[in-house]
Amino acid sequence: MNMLGGGSSAGRKPLKSGMKELAVFREKVNEQHRQMGKGAKHLSLEEPKKLRPPPARTPCQQELDQVLERISTMRLPDDRGPLEHLYSLHIPNCDKHGRYNLKQCKMSLNGQRGECWCVNPNTGKPIQGAPTIRGDPECHLFYNEQQETGGAHAQSVQ
């Protein structure tokens, strides 16, 4: 039995579950925005440390914020699949420090993995020579931090 409720006789199930997924995702985004707005309202005079401005958002976090904002304003169409427009969006994959993860992927569609590619973790730009495949492109083979910090030494080794 398929745990995702898919299959050849799925009929309308993907549409209903898709609308539910989008609604849940939208609610999570709205909750995050509410939580971000609460920070300064509940501080007492005894907590001046928390009055510091939030740290600057990294490019990956800024891009993710833009995509989430766009998703939160999407309308749920009645006659089409609600996730139709989500598949065209690139949702950046950021690490815990706000940098881009080396491997970025498109969403899975119809049970097939999305295409994945390798990026520079600081800029999010694709790494030249790295493949774009459905699976793991083994980005660690195409990116070496010493290339950025070591410059000439990294090139002379290659």
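Start by selecting Gln104 together with the residues it touches beyond four places in sequence: His90, Ile91, Pro92, Asn93, Glu115, Cys116, Trp117 and Val119. Contact here means heavy atoms within 4.5 Å. You are looking at a predicted model, in which local features need pLDDT of at least 70 and side-chain atom pairs count only at pLDDT 80 or more, while totals for chains, interfaces and linings use all residues. Residues are numbered from 1 along each chain as its sequence is written, and side-chain values use heavy atoms, with hydrogens and water left out.

Stay on Gln104 for a moment. Gln104 sits in strand E1; strands are DSSP runs of E with at least two residues, helices are runs of H or I with at least four, and both are numbered from the N terminus. With a relative accessible area of 1%, Gln104 is buried (buried is under 20% relative accessible area, exposed over 50%, partly exposed in between, using a 1.4 Å probe and protein chains only). Now add Asn101: its backbone oxygen lies 3.0 Å from a polar atom of the Gln104 side chain.

Next, move along to Met107, in the loop between strand E1 (103–105) and strand E2 (116–118). Met107 is partly exposed, at 30% relative accessible area. Select Tyr87 and Leu109 as well, and you have a nonpolar patch on the surface, formed by these two and Met107, with about 240 Å² of accessible area together. Patches of this kind join nonpolar side chains (Val, Leu, Ile, Met, Phe, Trp, Tyr) within 5 Å, from residues with over 30% relative accessible area and no salt bridge; like charges are joined within 9 Å. The areas come from the Shrake-Rupley method with a 1.4 Å probe, and for residues only the protein chains shown count as cover.

How many salt bridges are there to visit? The count comes to two, taking a side-chain nitrogen of Lys or Arg within 4 Å of a carboxyl oxygen of Asp or Glu.

- Lys106 and Glu115: the closest N and O atoms are 3.9 Å apart. Lys106 is partly exposed at 48%, and Glu115 is partly exposed at 31%.
- Arg57 and Asp65: the closest N and O atoms are 3.1 Å apart. Arg57 is partly exposed at 39%, and Asp65 is partly exposed at 30%.

From Arg57, go on to Thr58, in the loop between helix H1 (13–38) and helix H2 (59–72). A polar atom of the Thr58 side chain lies 2.5 Å from the backbone oxygen of Gly98.

Finally, zoom out: the chain has four helices and two strands, in the order α-α-β-β-α-α.

Methods
A polar contact is a pair of N or O atoms within 3.5 Å; within protein, one must be able to donate a hydrogen and the other to accept it, and residues adjacent in sequence count only if both atoms are side-chain atoms.
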